[in-house]
Amino acid sequence: MTIQLDPHERALIDLIARTQNDLARVIKARRIELDFTQTDLGHRAGIYQSRICDLEKHGTNRLDYIVRPEHGMGIPL
């Protein structure tokens, strides 16, 4: 069964996906700029390196997985 979305709902879903991907790119770029490995950032953020890897590749829909890396890199929210 396929769920039919109206154009407004589809546009919102697309915007959320783009925002997640944009945030993932910003986090990765800042991590590289600071010369942190994913493991370094994971330690600073209090999450596993595998979560940093997933975040950088796919984005996330969990706010805490966006906030923690930013906090770990000293980025004010």
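Here are some short exercises on the structure above, each with a worked solution.

This is a predicted model, in which local features need pLDDT of at least 70 and side-chain atom pairs count only at pLDDT 80 or more, while totals for chains, interfaces and linings use all residues. Residues are numbered from 1 along each chain as its sequence is written, and side-chain values use heavy atoms, with hydrogens and water left out.

**Exercise 1. The overall layout**

Task: Find how many helices and strands the protein has, and what share of its residues is buried.

Solution:
- Step 1. Begin with the definition: helices (H or I, at least four residues) and strands (E, at least two) are DSSP runs, numbered from the N terminus.
- Step 2. Count them, and you get 4 helices and 0 strands. Read from the N terminus, the order is α-α-α-α.
- Step 3. Turn to burial, where buried means under 20% relative accessible area, exposed over 50%, and partly exposed in between (1.4 Å probe, protein chains only). Of the 77 residues in the protein, 27% are buried.
- Step 4. Look at the surface, with areas from the Shrake-Rupley method with a 1.4 Å probe, where for residues only the protein chains shown count as cover. The accessible surface is about 5700 Å², and carbon and sulfur atoms hold 55% of that.

**Exercise 2. The two sides of helix α2**

Task: Work out which residues of helix α2 are buried and where they sit around the helix.

Solution:
- Step 1. Helix α2 covers residues 38–45, and its buried residues are Q38, L41, G42 and A45.
- Step 2. Look down the axis of α2: these buried residues fall within an arc of 105 degrees, so they line one face of the helix. The arc is taken from the directions that lead from the helix axis to the C-beta atoms.
- Step 3. Now go to the other side of α2, where H43 and R44 are exposed.
- Step 4. Add D40, which also has its place in α2. D40 counts as partly exposed because its relative accessibility is 33%. Its C-alpha atom is 9.2 Å from that of G72, although the two residues are 32 apart along the chain.
- Step 5. Finish just after the helix, where G46 has a positive phi of about 75 degrees.

**Exercise 3. The nonpolar core**

Task: List the residues of the largest nonpolar core and name helices that supply at least two of them.

Solution:
- Step 1. A nonpolar core is a set of buried Ala, Val, Leu, Ile, Met, Phe, Trp, Tyr and Cys residues joined through side-chain atoms within 4.5 Å.
- Step 2. The largest such core has 8 residues, namely I27, F36, L41, A45, I47, I52, L55 and M73.
- Step 3. Helices α2 and α3 (49–58) each give at least two residues to this core.

**Exercise 4. A charged residue in α3**

Task: Decide whether E56 is buried or exposed, and find which residues it contacts beyond its neighbours in sequence.

Solution:
- Step 1. Locate E56 in helix α3.
- Step 2. Its relative accessibility is 11%, so E56 counts as buried.
- Step 3. Contact means heavy atoms within 4.5 Å. Setting aside neighbours within four places in sequence, E56 touches A24, K28, R31 and Q38.

**Exercise 5. Salt bridges along α1**

Task: Find salt bridges whose two partners both lie in helix α1.

Solution:
- Step 1. A salt bridge is a side-chain nitrogen of Lys or Arg within 4 Å of a carboxyl oxygen of Asp or Glu. The structure holds 4 of them.
- Step 2. One joins D14 and R10, at 3.2 Å from N to O. Both residues lie in α1, 4 residues apart, about one turn of the helix.
- Step 3. Another joins D22 and R25, at 2.3 Å from N to O, and these two are 3 residues apart in α1. R25 is exposed because its relative accessible area is 52%, while D22, at 37%, is partly exposed.
- Step 4. A further one links R30 with E33, with the closest N and O atoms 2.4 Å apart. This pair also lies in α1, 3 residues apart.
- Step 5. The spacing fits a general rule: an α-helix has 3.6 residues a turn, so residues three or four places apart point the same way.
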